[in-house]
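Below are my comments on the model, set out as numbered points for discussion. Please read them with the coordinates open.

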Amino acid sequence: MAAVAVERPPIDEKIRTLKLSGHVGFDSLPDQLVAKSTQNGFTFNILCIGETGMGKSTLMDTLFNTSFESNPAPHTLPAVKLKSHTYELQESNVRLKLTIVDTVGYGDQINKGDSFTAIVDYIDKQFDDYLQEELKIKRSLSAYHDSRIHACLYFICPTGHGLKSIDLVCMKKLDSKVNVIPVIAKADTISKSELTKFKQRIIQEIKANGIQIYQFPTDDDTMAKVNTEMNNQIPFAVVGSTDFVRVGNKMLRARQYPWGTVQVENESHCDFTKLREMLIRTNMEDMREVTHQRHYELYRKKILETMGFSDVGQDNQPVSFQQTFEQKRVEHREELQRKEDEMRQTFVLRVKEKETELKEVEKELYTKYDTLKREHAEEKKRYEDLKKRLDEEKAEFQKRKHQVATQQLTSHTLTLGKTKKK
Ligand code: GDP
């Protein structure tokens, strides 16, 4: 039976609701969506923040019931480094591309003041990569490997004393960028009564510092009750283990001690199953959505605003992307023109300055040349005078020499005459 055709109403006209008089088939849309999503597979990216040796790798192995074969990190790194590994997992016919990012060297430096910087930069970089893909002319978001962090597990040291300042600062810096889920690590090392007080203190401190941790969604009626209950139990106190211990006729993940066994999946031993339920089984999609719709939107908005884009103009009227872009282009051209003029003026000024400088130098050189020329002429004249005087003296000397010689000859002749007469 054919469906009643729905006329496309003008945009401002109220949309009418019509009744179908038979089966049409678009009720299969959710199934189509499921089939398509299953075919494409899913991505989920977890960031684990916590000091070295806090049990991050072990918890990941425990959560996904596999071995990710990570190497223990040393305590000697000079700075925090983020290392990511991506794995393809499959459960039934659902494929999951899981990326686990570890904060290697977190809390190992003497000055822990900027331990969060590398983490913030990493999260922003993933947002930026996605934004760049979105802004490409030829984009392929369906094939794009989305590396944005969907869940950030913050491992709290089980001291029983409350949060350290590095925890508060880091969570505060991240709460608007990522879904922060605090967990108490190695919860088997803290007693039950201490754990209750510890949890309360942590929540008090988180609230007092205005840190917005991720809340499991309560708007869906089917999940509202469970999620509200779970929100009240945050931070989950978790235990991880790569060992299996036989309990009865079952092999269970557990940590064995001389005084007993801590079963990871036993709710009376720790909150591991609650974390797994909330993180993987119930709210994975919500975390992906919140990442895209809240955290990424915030990042995108900030970046576009920094670039000068806005939804409304100065007169508070809506402006389109093209209008803003055109305006930016005009502004950019004007700015370029202004800079060019400025540079030209500066150039002309510099040339003039250089010209004046050169003229000064030329003038100085002429003056110097004149002085030297004059000095040279004077010197020449002095030498000529001196030569003239010397020549005169020489002539005088020759004259006198001649006179003396004549006198001597005369007196000699006279002496000879007298001798002969005798
Ligand atoms: P990471 O450096 O944070 O990745 O820590 P690892 O997962 O490598 O764990 C460091 C050490 O802590 C290993 O010896 C683990 O066996 C141990 N460990 C991991 N999880 C727990 C836990 O829940 N409780 C206890 N007591 N030890 C744990």
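The points below take up the basis of the model, the ligand site, two helix pairs and two backbone features.

1. This is a predicted model, in which local features need pLDDT of at least 70 and side-chain atom pairs count only at pLDDT 80 or more, whereas totals for chains, interfaces and linings use all residues. Residues are numbered from 1 along each chain as its sequence is written, and side-chain values use heavy atoms, with hydrogens and water left out.

2. Around the ligand there are 15 residues (a residue being counted if one of its heavy atoms lies within 4 Å), and those that come nearest are Gly 53, Lys 56, Ser 57, Thr 58 and Asp 188.

3. Three polar contacts of the ligand deserve a look, a polar contact being a pair of N or O atoms within 3.5 Å. An N or O atom in the side chain of Ser 57 is 2.5 Å from an oxygen atom of the ligand. Backbone atoms take part as well: a backbone N or O atom of Gly 240 lies 2.9 Å from a ligand oxygen, and a polar backbone atom of Gly 55 is 3.0 Å from an oxygen atom of the ligand.

4. Helix 3 (residues 115-135) packs with helix 4 (residues 165-174) at an angle of about 20°, their axes, which are lines fitted to C-alpha atoms over the stretch in contact, being 10 Å apart. That makes the two helices roughly parallel (angles under 35 degrees). The contact (heavy atoms within 4.5 Å) is made by Ser 115, Phe 116, Ile 119, Val 120 and Ile 123 of helix 3 together with Ile 166, Val 169, Cys 170, Lys 173 and Leu 174 of helix 4. By class, this contact has 8 nonpolar, 1 polar and 1 charged residues.

5. Helix 2 (residues 56-63) and helix 7 (residues 272-282) pack at an angle of about 70°, with their axes 11 Å apart, and they are therefore roughly perpendicular to each other (65 to 115 degrees). Leu 59, Thr 62 and Leu 63 of helix 2 meet Phe 272, Leu 275, Arg 276, Leu 279 and Ile 280 of helix 7 in this contact, which by class has 6 nonpolar, 1 polar and 1 charged residues.

6. Two backbone features should be checked by eye. A cis peptide bond, with omega about 0°, joins Ile 234 and Pro 235, and Pro 235 is found in the loop between helix 6 (221-231) and strand 6 (236-237). Asn 65, although not a glycine, has a positive phi of about 50°, and Asn 65 lies in the loop between helix 2 and strand 2 (81-91).

Methods
Axes fitted to C-alpha atoms, helices over the stretch in contact; angles between N-to-C directions. Helix = DSSP H or I, 4+ residues; strand = E, 2+ residues; numbered from the N terminus. Parallel < 35°, antiparallel > 145°, perpendicular 65-115°, else oblique. Nonpolar A, V, L, I, M, F, W, Y, C, P; charged D, E, K, R; others polar. Polar contact = N/O pair within 3.5 Å; in protein donor to acceptor, adjacent residues only side chain to side chain.
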